[in-house]
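Here are a few friendly notes to read alongside the model. Keep the 3D view open and find each residue as it comes up.

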Amino acid sequence: MKKTTTERIAVAFFYAAALLAISWFRDSAIQPNLWISVPDFLNFPTINDPKTFARAGLEVADQGWLAQPSAWIFNLWPPGFVLLLGGIFKMLGTEAPFLVVLLGLTIVTGVFMLMTVRRYLSFYVPAFLALLLPLVPFLFPVTRFFLLQPVGLSFGEGFSVLFFITFTFLLLIAARTGVVRYAVAGGVFLALAAYFRSQYELIALVLSVGFLGLVVLVLALSFLLKKKSIRTNGSTTLKAMAICVLAAQLLMLPWRIYHYVDVGRWDWVQTQDIVIRNALMSEEKLREMDGGFVVAGGGNLACKFEPDFCGKTEPSLFYKAFFDHFGEWVEYKASLARIYWFPTIRSFPKLLAEDVPGDYLGNSVVLILFAASFFLLYLIRKSSDFLVYFWVFSSFYACFFVIFVLVQFEVRYFFLPKIF
């Protein structure tokens, strides 16, 4: 036992040192100083979202919660990152280098994620490979940039990425070992991911619906094929999934209750209202409102395909335009996908950029791996892990298909699929 504990501590320190070292490699991009204070950060020329989070964090630190004029922030984003910032400002003051604190917390979270991946890989590969393979994603610029560098830290989404990956591998371990605490912990991390970014709530919802579908499928196959082994072999995995989903949904319930009391809706956030409004707005109007990025990312397609709908706000018109022009809609968004996949982070968050061979090669490799992930499911179809992989992969890709079809593209929206 003592040897195992000593080994884990040594591995944790190794991963912490590796992440710290990787964090000091700066990719060429406009980034604030890591030691910047929040007042100086608010004057730094970066996009608005991180500044909104910082201002909201200051308000939470000062008042304990957002005042009514700022309540819209918690209608667009879940509270996790803002509350974390509020806690940092409350405890350390506004002059503290908050990005350094966020880096430290990210490294701690990243160490736990890496150790979880290592634990899973140790079932299949030698200890040396299990130790090093989890670090491979950090060789790619997008992972370093989004998780460990100042601009990425200021978005706070790195926590969601790390939480979600941790959830995935905890679930795989639970399905393999049958240990309930891993499934519960997986649900906790899935809920944490949703509390930091709303798209993970959608993934959690799709996972929940998908789980019910899997249960029906397994029961149907075992009945039709009269093979009890199908149900028996999958029972441990399905049990782990059920516990994980239940834990996540229970932990997410308080935020739903908050929104129901506040605005009378159970929605996690209300960003869909803005998506619909933008989609029905004319290109000229969006550009007047500094919404050129919405036009460039295909965020006003309802107006584009149905000019008579422009300027209206009824959600029914948005969905009518979407379903009446589904083929054209998807084809148009697909034509933009290549453009948004390959931009260099040197010009983040801008879309147009000079050709950078290194970044182009890195994004090409990630695209190949993205495509290969579908073949992975076929290769492991007889593995005990197949149900988990299929469940997580199909839910993840289905969720992002919906997001990418309905919401305007932005360069950073592609970071999570690249890392995952």
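1. A word on classes before we start: Ala, Val, Leu, Ile, Met, Phe, Trp, Tyr, Cys and Pro count as nonpolar, Asp, Glu, Lys and Arg count as charged, and the others, Gly among them, count as polar. Please also keep in mind that you are looking at a predicted model.

2. Let's begin with the empty space inside. How many cavities of 30 Å³ or more does a search of the whole structure find? The search finds one. About 100 Å³ of space lies in the largest cavity.

3. Which residues surround this space? The lining of the largest cavity is made by 13 residues, and P141, V142, D359, G362 and N363 are the ones that lie nearest its centre. Three elements each give two or more residues to this lining: α8 (141-148), α20 (357-379) and α22 (415-419). The element that gives the most is α20, with five residues.

4. Now use the classes from the first point. The lining of the largest cavity has seven nonpolar residues, together with four polar and two charged ones. Try colouring the lining by class in your viewer.

5. Next, the charged side chains. The structure holds nine salt bridges, and three of them are picked out here. R265 pairs with D267, where the closest N and O atoms are 2.6 Å apart. Is R265 buried or exposed? Neither label fits: R265 is partly exposed, because its relative accessible area is 30%, and D267 is partly exposed too, at 31% relative accessibility.

6. A second salt bridge joins the side chains of D324 and K320, at 2.9 Å from N to O. Where do these partners sit along their helix? Both belong to helix α18 (residues 315-324), and because they are four residues apart, about one helical turn separates them. D324 counts as partly exposed at 45% relative accessibility, and K320 counts as partly exposed at 42%.

7. The third example is the salt bridge between R412 and E410, whose closest N and O atoms are 3.3 Å apart. Buried means under 20% relative accessible area. R412 is therefore buried, with a value of 12%, and E410 is buried as well, with 15%. This pair also has company: salt bridges that share partners join D49, E410 and R412 into one network.

Terms used. Residues numbered from 1 in each chain as written. Predicted model: local features only at pLDDT ≥ 70, side-chain atom pairs only at ≥ 80, totals over all residues. Heavy atoms only, no water. 1 Å grid on protein atoms, 1.4 Å probe; cavity = no way out; pocket = protein on both sides within 12 Å on 5 of 7 lines; lining within 4 Å. Points joined across faces, edges and corners; volume = space filled by probe spheres on them. Salt bridge = Lys/Arg side-chain N within 4 Å of Asp/Glu carboxyl O. Buried < 20%, exposed > 50% of the residue type's maximum accessible area, 1.4 Å probe, protein only.
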